[in-house]
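Here are a few exercises to work through with the viewer open. Try each one yourself before reading the solution.

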Amino acid sequence: MTVFGYGRVSTHAQNTTNQRIELETAGYKIDYWFEDTGVSGKTTAMQRQQFSRLLDKIRDGETLIVSKLDRLGRDAVDVLQTVQLLASRQIKVIVHQLGQTDLTSPAGKLLLTMLAAVAAMERDLLVERTQAGLQRAMAEGKRLGRPRKTTDAQREEIRDLLGLGQSVSEVARRYGVSRASVTGIRGL
């Protein structure tokens, strides 16, 4: 049985060497190794160049192994779709971090579904906490977003200059801000 290994790192400063060593140390004999370097986990598996090449090369009934589930993707939906595609081709998917369980088996599907549910819940809780923090900051009178490039006095001067007929471009150059900033100050 042919075994394909896949590794992914998010930046070009990193490499997949440790992922491959981890799998080989665990006793897996990897026949073919594919890696995506500088590719975020948010990029769907099918949009990753080397993962797509792996899919073209791997044959029905062979095995794909990765060190951790997040190497396939951080998004639970993408991971589920990827595993379902591989399962439709009878390709075993083994995540070393999760033990010897084939994610395409009934037990693996259950495990993957539970992990996806936990990941979705964690994401929802993160969004909830973020929103609560933003609302608390606003209630405390904190200004959110990028710091302004102009002071209150400068914004008043800009309104006056525009009122005297100076063009938006002239005022923007004078204060070192974008035309959009000047237009926003003017209230258009």
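The exercises below use a predicted model, and they go from ring pairs to a helix face to a pocket.

**Exercise 1.** Classify the aromatic pair F4 and Y32, and work out which parts of the chain the pair links.

*Solution.* Start with the overall count: there are three aromatic pairs. For F4 and Y32, the ring centres sit 5.0 Å apart and the planes make an angle of 25 degrees. Pairing needs centres within 6.5 Å, and planes under 30 degrees apart count as stacked, so this pair is stacked. Next, place the residues: F4 is in strand β1 (residues 3-9) and Y32 in strand β2 (residues 32-37). That puts them 28 residues apart, so the pair links distant parts of the chain. Now check burial. F4 has 1% relative accessibility and therefore counts as buried, while Y32, at 35%, is partly exposed. Finally, look for a third ring: F4 and Y32 form one aromatic cluster with F34.

**Exercise 2.** Do the same for Y6 and F51: what is the geometry of this aromatic pair?

*Solution.* The centre-to-centre distance is 5.0 Å and the planes are 80 degrees apart. Over 60 degrees counts as edge-to-face, so that's the label for Y6 and F51. Y6 lies in strand β1 and F51 in helix α2 (residues 49-57), so the pair ties together parts that are 45 residues apart in sequence. Both Y6 and F51 are buried.

**Exercise 3.** Find the buried residues of α2 and say how they are arranged around the helix axis.

*Solution.* First list them: Q50, F51, L54 and L55 are buried. Viewed down the axis of α2, the buried residues fall within an arc of 145 degrees, so they line one face of the helix. The general logic is handy here: an α-helix has 3.6 residues a turn, so residues three or four places apart point the same way. Then flip to the face turned away from the buried side, which carries the exposed residues Q49 and D56. As for partners, the buried residues of α2 pack against β1, β2, β3 (63-66) and α3 (76-88).

**Exercise 4.** Describe the second largest pocket by volume and by the residue classes in its lining.

*Solution.* Its volume is about 190 Å³. The second largest pocket is lined by R146, P147, R148, K149, T150, R155, V177, S178, S181 and I185. Sort that lining by class and you get four charged, three polar and three nonpolar residues.

Key: Residues are numbered from 1 along each chain as its sequence is written. This is a predicted model: local features need pLDDT of at least 70, side-chain atom pairs count only at pLDDT 80 or more; totals for chains, interfaces and linings use all residues. Side-chain values use heavy atoms; hydrogens and water are left out. Rings of Phe, Tyr and Trp (its six-membered ring) pair if their centres lie within 6.5 Å; planes under 30 degrees apart count as stacked, over 60 as edge-to-face and the rest as tilted. Helices (H or I, at least four residues) and strands (E, at least two) are DSSP runs, numbered from the N terminus. Buried means under 20% relative accessible area, exposed over 50%, partly exposed in between (1.4 Å probe, protein chains only). The arc is that of the directions from the helix axis to the C-beta atoms. Contact means heavy atoms within 4.5 Å. On a 1 Å grid over the protein atoms alone, a cavity is a set of points where a 1.4 Å probe fits but cannot get out, and a pocket is an open set with protein on both sides within 12 Å along at least five of seven lines; lining residues have an atom within 4 Å of a point. Grid points are joined across faces, edges and corners, and a volume is the space filled by probe spheres set on the points. Ala, Val, Leu, Ile, Met, Phe, Trp, Tyr, Cys and Pro count as nonpolar, Asp, Glu, Lys and Arg as charged, and the others, Gly among them, as polar.
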